[in-house]
Amino acid sequence: MYSYCLFCNTVKSALVATAIRQKFGYIAFSPKIVQRKWIKGTCHEEIKDYLPGYVFVYTEEPITRFREMWQMEGLLRFLGRRETQYQLEGDDWRFAQMLYAHDGVIGIMKTYKEGDRVKLAQGAMGDFQGEIIKLDRRKGRALLRYNFDGNIMNVWVGYEMIEDDEKPQIPME
């Protein structure tokens, strides 16, 4: 699967994603995130836009029709490098794959306690790596830090603590 990311005018990103799906037949979406919100002591989960302006595109074959895509209203730039035909690489590719595996939605993350630290469960984000840097236990949220588009990103995600028998097993040497 080839992964690409476009940066668009924020108010046009949904239109760009729809146009790409219709015109080229590619998988395209703007990512979403499940946010926990507390109302009168009760937890509610809402799906919100995440990374406004970014559209992730997935194809079976490499994209060759860049000229047609550049002509789309609202498209500002392709992430990635021209030399690699704008295919995502490294952490950006892993992030895109994690989004694809979760249908474009960052959900409630599975976590476990190791000593005095809370860590993401193995596979919670696929091969993509993020680090929990802060917890809000009262609201059931974790501040997650990761790299994307050459920047360090922080996002509050809902978390769920898993049991000891669900923790990743560390091989004995």
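This section describes helix α1, the salt bridges and the residue Q97 in a predicted model.

Helix α1 covers residues 13-24. Its 12 residues should span 16 Å at 1.5 Å a residue. The end C-alpha atoms of α1 are 16 Å apart, which agrees with that expectation. Five residues of the helix are named here as buried: S13, V16, A17, I20 and F24. These buried residues cover an arc of only 100° around the axis, so they sit on the same side of α1. An α-helix has 3.6 residues a turn, so residues three or four places apart point the same way.

The buried residues of α1 pack against several elements. Among the strands, their partners are β1 (2-8), β2 (27-29), β5 (54-59) and β6 (75-78). Helix α2 (66-70) is also a packing partner. The face of α1 turned away from the buried side carries L15 and Q22, both exposed. For L15, the relative accessibility is 56%, and because exposed means over 50%, this residue counts as exposed. L15 and E73 are 58 residues apart in sequence, yet their C-alpha atoms are 8.9 Å apart in space. Just after α1, G25 takes a positive phi of about 75°.

Salt bridges were searched for across the whole structure, and 14 were found. Side chains of opposite charge can pair when their charged atoms come close. One of the salt bridges joins the side chains of K32 and D49, at 2.4 Å from N to O. K32 lies in strand β3 (residues 32-39) and D49 in strand β4 (residues 42-49), so the pair ties together parts that are 17 residues apart in sequence. K32 is partly exposed, with a relative accessible area of 29%. D49 is exposed, and its relative accessible area is 52%.

A salt bridge also links the side chains of K48 and E46, with an N to O distance of 3.3 Å. Both residues fall in the range of strand β4 (residues 42-49). K48 has a relative accessibility of 40% and counts as partly exposed. E46 counts as partly exposed too, at 26%.

The side chains of R81 and E83 meet in another salt bridge, at 3.3 Å from N to O. R81 is partly exposed, with 39% relative accessibility. E83 is exposed, and its relative accessible area is 61%. A network of salt bridges links K23, R65 and E68. Within this network, K23 falls in the range of helix α1 (residues 13-24), and E68 in that of α2 (66-70). Helix α2 is among the elements that the buried residues of α1 pack against.

Q97 is found in helix α3, which covers residues 90-101. The relative accessible area of Q97 is 19%. Buried means under 20%, so Q97 counts as buried. Neighbours within four places in sequence were left aside when its contacts were listed. Beyond them, Q97 is in contact with M1, S3 and Y58. Of these partners, S3 falls in the range of β1 (2-8) and Y58 in that of β5 (54-59). The buried residues of α1 also pack against β1 and β5.

Definitions and conventions:
Residues numbered from 1 in each chain as written. Predicted model: local features only at pLDDT ≥ 70, side-chain atom pairs only at ≥ 80, totals over all residues. Heavy atoms only, no water. Helix = DSSP H or I, 4+ residues; strand = E, 2+ residues; numbered from the N terminus. Buried < 20%, exposed > 50% of the residue type's maximum accessible area, 1.4 Å probe, protein only. Contact = heavy atoms within 4.5 Å. Expected span 1.5 Å × (residues − 1). Arc of directions from axis to C-beta. Salt bridge = Lys/Arg side-chain N within 4 Å of Asp/Glu carboxyl O.
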